[in-house]
Amino acid sequence: MRAAICEELGSVVVTETASPAPGPGQVLVTVEAAGVNYVDALFVQGRYQIKPPLPFTPGSEVAGTLPSGERVLAMCGLGGFATEVAVPAASAVPIPDELDFPRAATFTQSYCTALFALRDRAALRPGESVLVLGAGGGVGLAAVQIAKAMGARVLAAASTEAKREAAREAGADETIGTDDIKTAARAWSDGGVDVVYDPVGGPLADPALRSLRERGRYAVIGFASGDIPSLPLNQVLLRNRAIVGVDWGAWSMANPGPQRALLDELLAMVAKGDLTPVPPRTAPLASAADVLDDLLNRRVVGKVALLP
């Protein structure tokens with residue numbers, strides 16, 4: 001089979017390698033599409049808290065077919081940037097007809113994170129307002145769609161017009177740039193938003209925190225900017241604001257039953273037409289290194305799927 005292999009930190013090379021042999025309780029998936037996530041780029045750079053031994057194949061989520069021909073998606077942790085991958089049988093989830101392989105391969109991480117963050121951690125209610133940072137990225141676009149499906153109003157902040165246009169197409173009620181988030185968000189929401197969804201961190205965090213209204217909730221998703229911010233706790237105390245951490249990945253691994261229920265709920269929303277995932281950009285497996293570099297340098301609008 002062919003796979004993108006990280007033999008030394010900072011680079012991947014697509015080469016021929018042996019096909020995986022499924023172990024007990026595993027199934028072999030012929031990969032039709034592999035989702036590319038920011039965490040995959042961090043693995044390759046050696047910047048993630050988990051550091052797999054070299055060499056390894058990155059790629060944490062895939063969509064493809066079982067030997068029976070059934071279409072499935074799966075979270076695999078590592079090994080997805082390949083033509084085949086062995087995964088636990090329980091993690092191979094049937095794909096509804098409404099999802100093609102590229103959208104299925106870029107669905108789980110972004111949409112599960114969004115629903116877990118907005119519903120289970122930030123307790124978003126119908127009629128409330130949400131400020132989504134990094135709204136032109138895959139996690140941000142999923143948050144826009146999930147918030148709208150939950151009956152919220154969405155203000156999407158993104159750094160370029162192309163990313164803002166993507167957020168509008170995903171359903172955002174309004175979009176803004178990143179120059180003066182606090183002023184723009186307060187003006188749009190008549191004094192402050194109810195929830196901030198932040199996968200970016202860095203210099204956007206402070207003005208986003210100050211954009212919250214009384215009892216507003218700040219959901220910390222990640223730090224795509226590369227900088228972990230230091231937030232002024234007096235701004236949390238003032239107006240009874242709250243900060244909530246969102247580590248969907250660790251939660252999903254520790255709670256496989258509730259995670260499967262969360263994913264099944266999202267797939268049911270897709271099947272009913274209540275949720276229409278944004279099609280990702282597609283690229284051949286041979287361009288894996290370039291795609292990872294684009295992600296690290298925030299040149300990607302939405303998501304990317306590699307097609308082995």
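The following questions and answers concern a predicted model of a protein chain and the two domains into which it is divided.

Visitor: Into which domains is the protein chain divided, and which residues make up domain 2?

Guide: The chain is divided into two parts, called domain 1 and domain 2. Domain 1 is written as two stretches, 2–109 and 252–306. Domain 2 is written as one stretch, residues 111–249.

Visitor: How many residues of domain 2 are in contact with domain 1?

Guide: The C-alpha centres of the two domains lie 26 Å apart. Domain 1 brings 23 residues to the contact. On the side of domain 2, the number of residues in contact is 24.

Visitor: What area is buried between domain 1 and domain 2?

Guide: The size of an interface is often expressed as the accessible area that is lost when the parts come together. Here carbon and sulfur atoms give 62% of the area buried between domain 1 and domain 2. The buried area itself is about 2000 Å².

Visitor: Which residues of domain 1 lose the most area to domain 2?

Guide: Three residues stand out on the side of domain 1, and together they account for 28% of what that side buries. They are Gln109, Leu262 and Arg298.

Visitor: Which side chains meet in a salt bridge with N to O at 2.8 Å?

Guide: Between domain 1 and domain 2 the count is one salt bridge. Residue 265 falls within the stretch 252–306 of domain 1, and residue 119 falls within domain 2, 111–249. The side chains that meet at 2.8 Å are those of Glu265 and Arg119.

Visitor: Which helix gives the largest share of the side of domain 1 that touches domain 2?

Guide: Across the interface there are 14 residue pairs in polar contact. Helices H3 (108–121), H9 (248–254) and H10 (256–272) each supply at least two residues of the side of domain 1 that touches domain 2. The largest share, six residues, comes from H10.

Visitor: How many residues on the side of domain 1 that touches domain 2 are nonpolar?

Guide: That side can be sorted by class, and it has six polar and four charged residues. The number of nonpolar residues is 13.

Visitor: Which residues are linked with Glu165 and Arg168 in a network of salt bridges?

Guide: Glu165 and Arg168 form a salt bridge, with the closest N and O atoms 2.9 Å apart. Both residues lie in helix H5 (residues 161–169), three residues apart, which is about one turn of the helix. The network also takes in Glu161 and Arg164.

Visitor: Are Arg260 and Asp264 buried, exposed or partly exposed?

Guide: The side chains of these residues meet in a salt bridge (2.9 Å, N to O), and both residues lie in helix H10, four residues apart. Arg260 has a relative accessible area of 31%, and Asp264 has 34%. Because the class between 20% and 50% is called partly exposed, Arg260 and Asp264 are both partly exposed.

Visitor: Which partner in the salt bridge of Asp294 and Arg299 is buried?

Guide: The closest N and O atoms of this pair are 2.9 Å apart. Arg299, at 45% relative accessibility, counts as partly exposed. A relative accessible area of 17% is under the 20% limit for buried, so the buried partner is Asp294.

Visitor: Which backbone oxygen lies 2.6 Å from a polar atom of the side chain of Thr113?

Guide: Thr113 lies in helix H3 and is buried, with a relative accessible area of 8%. Leaving aside its neighbours within four places in sequence, Thr113 is in contact with Thr108, Tyr197, Ile221, Val246 and Trp248. The backbone oxygen at 2.6 Å belongs to Gln109.

Visitor: Which residue has its backbone oxygen 2.8 Å from a polar atom of the side chain of Ser287?

Guide: Ser287 lies in the loop between strand E14 (281–284) and helix H11 (288–296). At 17% relative accessibility, Ser287 counts as buried. The backbone oxygen in question is that of Pro284.

Visitor: How far apart in space are Trp251 and Phe116, C-alpha to C-alpha?

Guide: Trp251 is found in helix H9 and counts as partly exposed at 22% relative accessibility. Apart from neighbours within four places in sequence, Trp251 is in contact with Phe116, Pro258, Gln259 and Leu262. Trp251 and Phe116 are 135 residues apart in sequence, and their C-alpha distance in space is 9.5 Å.

Conventions
Residues are numbered from 1 along each chain as its sequence is written. This is a predicted model: local features need pLDDT of at least 70, side-chain atom pairs count only at pLDDT 80 or more; totals for chains, interfaces and linings use all residues. Side-chain values use heavy atoms; hydrogens and water are left out. Domain bounds come from an automatic or database domain assignment. Contact means heavy atoms within 4.5 Å. Buried area is the accessible area (1.4 Å probe) that two parts lose on being put together, summed over both. A salt bridge is a side-chain nitrogen of Lys or Arg within 4 Å of a carboxyl oxygen of Asp or Glu. A polar contact is a pair of N or O atoms within 3.5 Å; within protein, one must be able to donate a hydrogen and the other to accept it, and residues adjacent in sequence count only if both atoms are side-chain atoms. Ala, Val, Leu, Ile, Met, Phe, Trp, Tyr, Cys and Pro count as nonpolar, Asp, Glu, Lys and Arg as charged, and the others, Gly among them, as polar. Buried means under 20% relative accessible area, exposed over 50%, partly exposed in between (1.4 Å probe, protein chains only).
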